[in-house]
Amino acid sequence: MAGDLAWILISAMLVNNFTLTLFLGLCSFFGVTSQIGTALRLGLANLFVLVLTAISAWFLNRFILDAAPFLRIISFIIVIASTVQVVEMAIKKASPVLFRALGIYLPLITTNCAILALAIFQTNRGYGFWQGLAFAVGAGLGLTLALTLMASIRVRVDRSSVPSVARGLGIVLIIASSLSLAFMGFAGLGSSS
């Protein structure tokens, strides 16, 4: 059981990274990675929302949606929107500076397809409570890792002399594709066992 949970966590974080392998949540990946601190905090906010979504999806699947499976997607969207609203209010109250730094990307967590994908993947794979929790933590850590890596590289590139033709979105796309190729190298991880 513990080995399965560890594998689900590692798989969601590295092998099937939502951002760099499955290309989910790219809006914030490109929009909020100009500063390391902001990227890290948004990643942690996403991790929190992912964990709450996984718990809520498990509860809905186990106790409510068996009677009304046609309400599954709508229920997930309502849970995600409510959770993001709570997180937004908490960050605004606790750290107004971070709230301003995250800008439009904080409420856009609601429309982040990675959050909805987590609930759907969890449901389709038949994960129980602990498996869903490990999946959410792994996905959130993977998202945070991707955001932080991208921000770290972008900060370093901003201090370097980059040819003018590659500045801006061009260099960001080159960095993203290089990171994606590196993470796809994890695809064979655990295949021999």
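1. A residue counts as buried under 20% relative accessible area, as exposed over 50%, and as partly exposed in between. C113 has a relative accessibility of 37%, so this residue counts as partly exposed. The model under discussion is a predicted one, and the points below should be read with that in mind.

2. On the cysteines, the count of disulfides comes to zero. C27 takes part in no disulfide, and the nearest cysteine sulfur to that of C27 belongs to C113, at 9.0 Å. Seen from the other side, C113 is likewise in no disulfide, with the sulfur of C27 as its nearest cysteine sulfur. Because a disulfide calls for a pair of cysteine sulfur atoms within 2.5 Å, the 9.0 Å between C27 and C113 does not qualify.

3. On the nonpolar interior, the largest core holds 31 residues, and those with the most contacts inside it are F18, I91, L102, I109, L118 and F135. Helices α1 (2-15), α3 (36-64), α4, α5 (96-102), α6 (113-124) and α7 (129-158) each supply at least two residues of this core, and α3 gives the most to it, with seven residues. Apart from this core lies another, of 19 residues, which includes A146, L147, A176 and F183.

4. I91 deserves a separate look, as one of the residues with the most contacts inside the largest core. When its neighbours within four places in sequence are left aside, I91 is in contact with A45, P96, L98, F99, L102 and L106; among these, L102 is itself listed with the residues that have the most contacts inside that core.

5. E88 is found in helix α4, which spans residues 72-94. This residue is buried yet has no salt bridge, and the nearest side chain of opposite charge, that of K92, is 6.7 Å away. Because a salt bridge requires a side-chain nitrogen of Lys or Arg within 4 Å of a carboxyl oxygen of Asp or Glu, the K92 side chain at 6.7 Å does not provide one for E88. Not counting residues up to four places away in sequence, E88 touches F99, L106 and P107.

6. On the aromatic residues, a search of the whole structure finds nine aromatic pairs. In one of them, the rings of F29 and F30 have their centres 5.3 Å apart and their planes at 65 degrees, so this pair is edge-to-face. F29 is buried, with a relative accessible area of 1%, whereas F30 is partly exposed, at 27%. Elsewhere among the aromatic residues, W58, F59, F63, F129 and W130 form one cluster.

Terms used: Residues are numbered from 1 along each chain as its sequence is written. This is a predicted model: local features need pLDDT of at least 70, side-chain atom pairs count only at pLDDT 80 or more; totals for chains, interfaces and linings use all residues. Side-chain values use heavy atoms; hydrogens and water are left out. Rings of Phe, Tyr and Trp (its six-membered ring) pair if their centres lie within 6.5 Å; planes under 30 degrees apart count as stacked, over 60 as edge-to-face and the rest as tilted. Buried means under 20% relative accessible area, exposed over 50%, partly exposed in between (1.4 Å probe, protein chains only). Helices (H or I, at least four residues) and strands (E, at least two) are DSSP runs, numbered from the N terminus. Lys and Arg count as positive and Asp and Glu as negative; His and the chain ends are not counted. Contact means heavy atoms within 4.5 Å. A nonpolar core is a set of buried Ala, Val, Leu, Ile, Met, Phe, Trp, Tyr and Cys residues joined through side-chain atoms within 4.5 Å.
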